[in-house]
Amino acid sequence: MKKILFLILIIPVFAKAQNYTKIEEADKTRYVNTSFYEVKNYTKKTSKKQVVKNIIFLIGDGMGTSQVYSGIIANKGNSYIRTMPVSGFNKTNASDDLITDSAAGATAFSIGEKTYNGAIGLDSSGIAKKTILESAEEKGLSTGLVATCAITHATPASFIAHQPDRNMYEEIAADFLNTDVDIFIGGGRDHFNKRKDGRDLLLELENKGYEVVTTMDSLKFAKGNKVAGLIAPEHQAPIELGRGDMLKTASAFAIKNLKKNKDGFFLMIEGSQIDWGGHDNNVPYIVTEMLDFDQTIGEVLKFAANDGETLVVITADHETGGFAISGGDLNTGIVEGKFTTGNHTGVLVPVFAYGPQAELFSGIMENTDIYAKFMQLLELK
Ligand code: MG
Ligand code: ZN
């Protein structure tokens, strides 16, 4: 009799505890979308001209095919990336490792050579190589970088800086003063003005002719010739914590101003935090960042369709999380996922292209081939 009474008392408590555990698990393994957007198809409006005047290069950090498809499912089966007419894959390995990090991954795109993990704009023997952004500047094109993380973080940094270690944020920030990049917008302000060496790089940027902007609100009033947008002390917030449409707005701002150059422009836009959702094995984090990146792609395609001389290429530096889609619903925008790791993986990642010469980006290519094709198309050295 005593035993039965004990069981009656303990069962409800146990059952309740189990429910809480389930809810916690559900938070990271399942995403239920509640806000959907319409996708316009710009494909048919592409110009027949095959001249590449501008390149807009979008990097979804950590964006494998599951990440791409999670965004498509969440928006009930449609997305801007889905409308891209040409697709292929890129092989992401670093020089010393099958699994690349974001520094070696972005450096492969920026200098066209595979390098060691952690290297920023250096080849595998540690020698600084001119980046595509620097080559474009040299030829008189306008250039820009936009990211949802610190602008000194590995991906954007690799296009402009030359440092042996990605964690040398203050050295990377100082490298921005050694180039003529026209517009850069991201976080990382503390690396410019709260430095061990006491330099105030915001002041130095102003002296060099940059408008220094520290909030998205004030970006609206920037004239836009040369703009240093350092809108967060470190990284911007994730979408889930209120970043808003910063990536889309900053990208549109960059395009609006860079396009004034009749010789063309090179712009790199990074969806930085898709990767962080993967590291956190967090489905809602991945999907919300993916949807934000996709809506930025929509903004880019709107411009490219109208312009006709802009090549748009979207890819990733690597996949993160070994993310697999284990369930969901295309009719309601539900995505369920599982992971094999908290780190990067070595799988092929997708490449998408739109605009003149887009066909060059089909099949399986090396990450370094993307650099070679860009250099050839923009006639850079
Ligand atoms: Mg990155
Ligand atoms: Zn990562």
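Here is a short walk through a zinc site and a group of paired strands. This is a predicted model, in which local features need pLDDT of at least 70, side-chain atom pairs count only at pLDDT 80 or more, and totals for chains, interfaces and linings use all residues. Residues are numbered from 1 along each chain as its sequence is written, chains are lettered from A and ligands numbered from 1 in the order in which they are written, and side-chain values use heavy atoms, with hydrogens and water left out.

Let's start at the zinc ion (ligand 2). Two OD atoms of Asp275, together with NE2 of His279 and NE2 of His344, coordinate the ion at 2.1 to 2.3 Å. Donors here are N, O and S atoms within 2.8 Å of the metal (3.2 Å for Na, K and Ca); water is not among the atoms, so sites may look incomplete. Along the chain, the donors follow the spacing D-x3-H-x64-H. Asp275 sits in helix H11 (residues 274-279) and His344 in strand S13 (residues 344-345), 69 residues apart, so the pair links distant parts of the chain. Helices (H or I, at least four residues) and strands (E, at least two) are DSSP runs, numbered from the N terminus. Both Asp275 and His344 are buried, meaning under 20% relative accessible area with a 1.4 Å probe and protein chains only.

Now turn to strand S14 (residues 349-354), where six of six residues are buried. S14 pairs in the antiparallel sense with strand S3 (residues 86-91) over five bridges, and with strand S9 (residues 310-315) over four bridges. Pairing requires that DSSP finds at least two bridges between two strands. Phe352 in S14 stands opposite Ser87 and also opposite Ile314.

Note on methods: Buried means under 20% relative accessible area, exposed over 50%, partly exposed in between (1.4 Å probe, protein chains only).
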